[in-house]
Structure formats: structure tokens, C-alpha cells
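Work through the exercises below with the sequence and the structure at hand, and try each task before turning to its solution.

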Amino acid sequence: ESFLTRYQSTKVERTRHLFHRCLSECPAEDCVEFFLMNGAFEEEYGLTKRALNVYKAMCDKAVASEKYTAYQLYIAKTTRYLGVAATRDIYQEAINVLKDNPESAVQICQDFAKTEVGLQQMDRARAIYAYGAQSADPRRMPEFWKDWNDFEISHGNEDTFREMLRVKRSVEAAFSTIDYNIM
């Protein structure tokens, strides 16, 4: 940190080298702070592409409990520099990476669906809600179902609303069977 303060933009390559060494040696539990410093440095003194690569690397290396937050930051920075449409691949990657953590995966699906609504891509948003629903137990994640319900009221029709209700019943039945089998 003192090196950054002292040299700022005069020793960019040396700073990159120090960050690279630090991040390659740093354990995953402690690396997020250094990734954030590196990303901020690249945003201020380097290239946008390098900064986004730093945030992507943070998503890859962060521990499971910090991955959702890391992806949120990466998506926000990508939106800022490249636009909303550039985030689709990142959202899809995040959904695949976070599938072992249902709460985070469902939350990222909600965020992705809202992004697609903002782009006026209602069919894509509906498909994302349907995909996220498979991990969203209605008893534990009522906010997901409320969002999808509100979406269908605003942008759907009678058929799409019925389909959402059918999916909800199906998911409720699947989760109640799982809970029954565990006991």
C-alpha cells in the first residue's frame, strides 16, 4: 500500500509485478482485499481490460462464501465500462459456478432476469426465472417467487402466469419430497 501511495502511476509495471506475486502466493481466504486494490490500481492507472481481468481472477480465486459478492462487483464494473449487454456471459458463468450454493445461484438468477427485463428481453428473463426456480424452495426463498410473480403480472399473459404457477407447484413437490426423505 505504501508503494502504491508513493509511486502511483510512475512504476506501473513494477506495481503489476508486485500484485502478481502477491496474488499468486496469497491464500484464497485473504486475497479479496488485494484483488480490490489491484483492480482499483488498474482502473486508475492501467487499462480497463486489465482491471476487468483482475476482477474475473478474483471471482475465480475467492472462497465460496465470497464468490457471489465478487461476481456482483465484476458485473457492476463490466456494466460500467462495457455496458449491460456485456454481462450476459458473466451471469451465465456465475450461475454455473454458484450452483453448489442454491441461495447465491437463485439470487444471481434474479439479478440476471432483472437485467434482461431492463434490456426488454422478456422471454430470456422468463427462461432465467424458470431455470432459477429449480433451486428455489418456495418456503425458504419467497422473494424469488414474488419477483417472478410480479414479473408475470407486469409482462406476461394468462398462459405464462399459469406456467409459473405450474413450475412453483412442481418445485414445491420436489422440495417436500426431499425434506420427507431426509427425515
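Helices, as used below, are DSSP runs of at least four residues, numbered from the N terminus. The model is a predicted one.

**Exercise 1. The overall fold**

Determine which secondary structure elements make up the chain, and decide whether the chain is spread out or compact.

Solution. Begin with the inventory of elements: the chain has 10 helices and zero strands, and read from the N terminus the order is α-α-α-α-α-α-α-α-α-α. The radius of gyration is 20 Å, well over the 16 Å that the globule rule gives for 183 residues, so the chain is more spread out than a compact globule. Next, look at the outline along the principal axes, where the C-alpha atoms fill a box of roughly 60 × 45 × 20 Å. Then turn to burial, for which the cut-off is under 20% relative accessible area: buried residues make up 39% of the 183 residues. Finally, of the contacts with a separation of 6 or more, 48% are accounted for by residues 24 or more positions apart.

**Exercise 2. The largest pocket**

Find which helices supply at least two residues each to the lining of the largest pocket, and describe that lining by residue class.

Solution. First take the volume, which is about 160 Å³ for the largest pocket. Second, list the lining, which consists of Arg-16, Phe-19, His-20, Leu-23, Asn-38, Glu-42, Arg-50, Asn-53 and Val-54. Third, assign these residues to elements: helix H2 (12-25), helix H3 (32-45) and helix H4 (48-61) each supply at least two of them, and H2 gives the most, with four residues. Fourth, sort the lining by class, which yields three nonpolar, three polar and three charged residues.

One lining residue can be followed further, namely Asn-38, which lies in helix H3. With a relative accessibility of 8%, Asn-38 counts as buried. Leaving out residues up to four places away in sequence, Asn-38 touches Phe-19, Leu-23 and Val-54, and these three residues are also named in the lining of the largest pocket.

**Exercise 3. A threonine in helix H5**

Decide whether Thr-78 is buried or exposed, and identify the backbone oxygen that lies 2.8 Å from a polar atom of its side chain.

Solution. Start by placing Thr-78, which is found in helix H5, residues 64-82. Its relative accessibility is 2%, and since buried means under 20%, Thr-78 counts as buried. The backbone oxygen in question is that of Tyr-74, which lies 2.8 Å from a polar atom of the Thr-78 side chain. To complete the surroundings, set aside residues up to four places away in sequence; Thr-78 then touches Leu-52, Gly-83, Ala-86, Thr-87 and Ile-90.

**Exercise 4. Contacts between helices H8 and H9**

Establish which residues Met-122 and Phe-151 touch, leaving aside neighbours up to four places away in sequence.

Solution. Place the two residues first: Met-122 is found in helix H8, residues 122-133, while Phe-151 is in helix H9, residues 142-155. Both are buried, Met-122 with a relative accessible area of 15% and Phe-151 at 4% relative accessibility. With sequence neighbours left aside, Met-122 is in contact with Val-117, Phe-151 and His-155, whereas Phe-151 touches Val-117, Met-122, Ala-125, Arg-126, Tyr-129 and Gly-156. The contact with His-155 can be set beside a backbone distance, as the C-alpha atoms of Met-122 and His-155, 33 residues apart along the chain, are separated by 7.1 Å. For Phe-151 and Ile-90, which are 61 residues apart along the chain, the C-alpha separation is 23 Å.

**Exercise 5. Two loop residues**

Work out where Lys-99 and Gln-120 are placed, and whether each is buried or exposed.

Solution. Lys-99 is found in the loop between helix H6 (88-97) and H7, and at 54% relative accessibility Lys-99 counts as exposed. The C-alpha atoms of Lys-99 and Gly-132, 33 residues apart along the chain, are separated by 9.8 Å. Gln-120 has its place in the loop between helix H7 (102-118) and H8, and with a relative accessible area of 60% Gln-120 is exposed as well. The backbone of Gln-120 deserves a last check, since phi is positive, at about 65 degrees, although Gln-120 is not a glycine.

Terms used: Residues numbered from 1 in each chain as written. Predicted model: local features only at pLDDT ≥ 70, side-chain atom pairs only at ≥ 80, totals over all residues. Heavy atoms only, no water. 1 Å grid on protein atoms, 1.4 Å probe; cavity = no way out; pocket = protein on both sides within 12 Å on 5 of 7 lines; lining within 4 Å. Points joined across faces, edges and corners; volume = space filled by probe spheres on them. Nonpolar A, V, L, I, M, F, W, Y, C, P; charged D, E, K, R; others polar. Buried < 20%, exposed > 50% of the residue type's maximum accessible area, 1.4 Å probe, protein only. Polar contact = N/O pair within 3.5 Å; in protein donor to acceptor, adjacent residues only side chain to side chain. Contact = heavy atoms within 4.5 Å. Rg over C-alpha atoms; globule rule 2.2 N^0.38 Å.
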